[in-house]
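Visitor: I would like to learn how to read a model like this one, step by step. Could you take me through it?

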Amino acid sequence: MNTSLRAILIDDESISRSTLRTYLERYCPDVEIVAEGDGVEAGLSAIRKHQPDLIFLDVEMPYGNAFDLLEQVENITFETIFVTAYSQYALKALNLSAAYYLLKPVDVDELVEAVGKVKENMQKNQQAFHTRILVENLKTIQQQARKVVLPVMEGFEVVKVKEIMRCQANGNFTDIYLQEGKKKMICRPLKHFEEILTEAGFMRIHRAHLINLEYVMGYIRGKAGQVRMEDGTELQVSASYKKELMAHFDQK
């Protein structure tokens, strides 16, 4: 099935738009560029007029950023590939929602891969999924009420952050332990979840354990000690992480 994507480029730098346009014309012939915009206002106008399948969206722009733009779109029916210079805040938001993004300067292979994933979503009738999850997360003030996209063997699943009790390293994978005894093996290292969940109330207590502090029921003294979770699990604490854990619970 040959799926054509109608796309809009939104970036305040004309050189960046020109470079991306050239790459798309040369390496992604199934992407049709129907409009361009140099900021939030022009981007919104182009989206409303053309109803695209896909937008390439610069994260940082004058007079508002990519997230400001998306929150003003009444009905998101398109997928988004973000294009950004490194921004820790932006990457955390994008990773939590498993959104597609490219770091500047854009790598051609990564561009082709991102477009390919968007096309796969269209063929599965999952277009706009990641963008909608991102916008939901941006509108959710409470971190624990946000959602995280978990890639699994069969595709992906979406869970609320508050449903995750703990994460445990399993080689290059991570075992996610959810409420009601559910467990998911996810094709991401524990470091990935540490980066996106720490601000949502999670803490690394061991090289193999990342825990949701909401589910800590107690602490058992020892060389470095153990934490007892709500489900009765007792997890070892590493000496290097003990001080931070004690400080969180105002213990010395």
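Guide: Happily! Keep in mind that this is a predicted model. Let us begin with one helix and what packs around it. The burial of H2 is covered by several elements, including strand E1 (5-10), strand E2 (31-37), strand E3 (54-58), strand E4 (60-61), strand E5 (64-65) and helix H3 (66-71).

Visitor: Which residues of H2 are buried?

Guide: A residue is called buried under 20% relative accessible area. In H2, which spans residues 40-50, that applies to Val-40, Gly-43, Leu-44, Ala-46 and Ile-47.

Visitor: Why do the buried residues of H2 line one face of the helix?

Guide: Look down the helix axis: the buried residues of H2 fall within an arc of 165°, so they line one face. On the face turned away from that buried side you will find Glu-41 and Lys-49, both exposed.

Visitor: What backbone feature comes just after H2?

Guide: Check the phi angle there. Gln-51 takes a positive phi, about 45°.

Visitor: Now the strands, please. What is the strand order in the open sheet?

Guide: To read a sheet, follow the pairing from one edge to the other. Here 5 strands form an open sheet with parallel pairing, in the order E2-E1-E3-E6-E7. E2 and strand E7 (100-103) are the edge strands, each pairing on one side only. From one strand to the next, the twist averages 20°.

Visitor: How many bridges join E1 to E2?

Guide: The parallel strands E1 and E2 are joined by 6 bridges. As a landmark, find Leu-5, which stands opposite Val-31 in E2.

Visitor: Which strands does H2 lie across?

Guide: Compare the direction of the helix with that of a strand. H2 lies across E1, E2 and E3, and runs at about 165° to E1. Helix H5 (residues 108-123) lies across E1, E2, E3, strand E6 (79-84) and E7, at about 170° to E7.

Visitor: One last stop: is His-209 buried or exposed?

Guide: His-209 counts as buried, because its relative accessibility is 10%, and the cut-off for that label is under 20%. You can find His-209 in strand E14 (residues 209-212).

Visitor: What is His-209 in contact with, beyond its neighbours within four places in sequence?

Guide: Those contacts are Arg-166, Cys-167, Gln-168, Leu-190, Met-203, Arg-204, Leu-235 and Gln-236. It also helps to set sequence distance beside spatial distance: His-209 and Val-237 are 28 residues apart in sequence, while their C-alpha atoms are 8.4 Å apart in space.

Definitions and conventions. Residues are numbered from 1 along each chain as its sequence is written. This is a predicted model: local features need pLDDT of at least 70, side-chain atom pairs count only at pLDDT 80 or more; totals for chains, interfaces and linings use all residues. Side-chain values use heavy atoms; hydrogens and water are left out. Buried means under 20% relative accessible area, exposed over 50%, partly exposed in between (1.4 Å probe, protein chains only). Helices (H or I, at least four residues) and strands (E, at least two) are DSSP runs, numbered from the N terminus. The arc is that of the directions from the helix axis to the C-beta atoms. Contact means heavy atoms within 4.5 Å. Two strands pair if DSSP finds at least two bridges between them. Axes are lines fitted to C-alpha atoms, for helices over the stretch in contact, and angles run from 0 to 180 degrees between N-to-C directions.
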